[in-house]
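Here are my notes on this model, point by point. Please read them with the structure open.

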Amino acid sequence: MAIGSKELASKQLDGFDKDRLVEELRKAKEELFNLRFQSATGQLESHGRLRVVKRDIARIYTVLRERELGIRPEVVAPVEEAAPEKAAKKSKKKATESEAETKVAEDDAK
């Protein structure tokens, strides 16, 4: 994988069960929405992140479709994250930042 997020490598997606893939897809779509919103308001700092998130979404859709077609085998035992504490701390920080940016954008709109 040359370009993409380090969190969602193809090999790692192979270890996720369907529910986990759907959850990751939901998170990625939510992040893409927030990034597009930031881009529209001129607050986006990293434009490359848009491309990375889009590719992550496409990668998840590909894994789901390949499993549906029987190209990839279904996962028997789902893989757990190696360091959930670090990921949780980062996601809380990002959530707080995005909430603050949304609030600023709403105030500017008024």
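1. Start with the cation and ring pair. In this predicted model, the charged end of Arg20 sits over the ring of Phe16, 4.1 Å from its centre. Arg20 is also among the buried residues of H2.

2. Aromatic pairs are another matter. A search of the whole structure returns 0 of them.

3. H2 runs over residues 18-41. Its 24 residues reach 35 Å from first C-alpha to last, close to the 34 Å expected at 1.5 Å a residue. Gly42 follows H2, with a positive phi near 80 degrees.

4. Which residues of H2 are buried? They are Arg20, Leu21, Glu24, Leu25, Ala28, Leu32, Leu35 and Gln38. The general rule is worth recalling here: an α-helix has 3.6 residues a turn, so residues three or four places apart point the same way.

5. The largest nonpolar core holds 15 residues. Leu13, Leu21, Val53, Ile57 and Ile60 have the most contacts inside it. Two or more core residues come from each of H2 and helix H3 (48-69). H3 gives the most, with 6.

6. Leu13 deserves a closer look. Leaving aside residues up to four places away in sequence, Leu13 touches Leu8, Leu21, Arg59, Ile60, Val63 and Arg67. Of these partners, Leu21 and Ile60 are also listed among the core residues with the most contacts.

7. Confidence varies along the chain. Mean pLDDT is 80 for the protein, and 65% of residues reach 70 or more. H2 has the highest mean, at 95. Helix H4 (residues 84-109) has the lowest, at 57.

Notes
Residues are numbered from 1 along each chain as its sequence is written. This is a predicted model: local features need pLDDT of at least 70, side-chain atom pairs count only at pLDDT 80 or more; totals for chains, interfaces and linings use all residues. Side-chain values use heavy atoms; hydrogens and water are left out. pLDDT is the predictor's confidence in each residue, from 0 to 100. Helices (H or I, at least four residues) and strands (E, at least two) are DSSP runs, numbered from the N terminus. A nonpolar core is a set of buried Ala, Val, Leu, Ile, Met, Phe, Trp, Tyr and Cys residues joined through side-chain atoms within 4.5 Å. Buried means under 20% relative accessible area, exposed over 50%, partly exposed in between (1.4 Å probe, protein chains only). Contact means heavy atoms within 4.5 Å. The expected span of a helix is 1.5 Å times one less than its number of residues. Rings of Phe, Tyr and Trp (its six-membered ring) pair if their centres lie within 6.5 Å; planes under 30 degrees apart count as stacked, over 60 as edge-to-face and the rest as tilted. A charge sits over a ring if NZ of Lys or CZ of Arg is within 6 Å of the ring centre and within 35 degrees of the ring normal.
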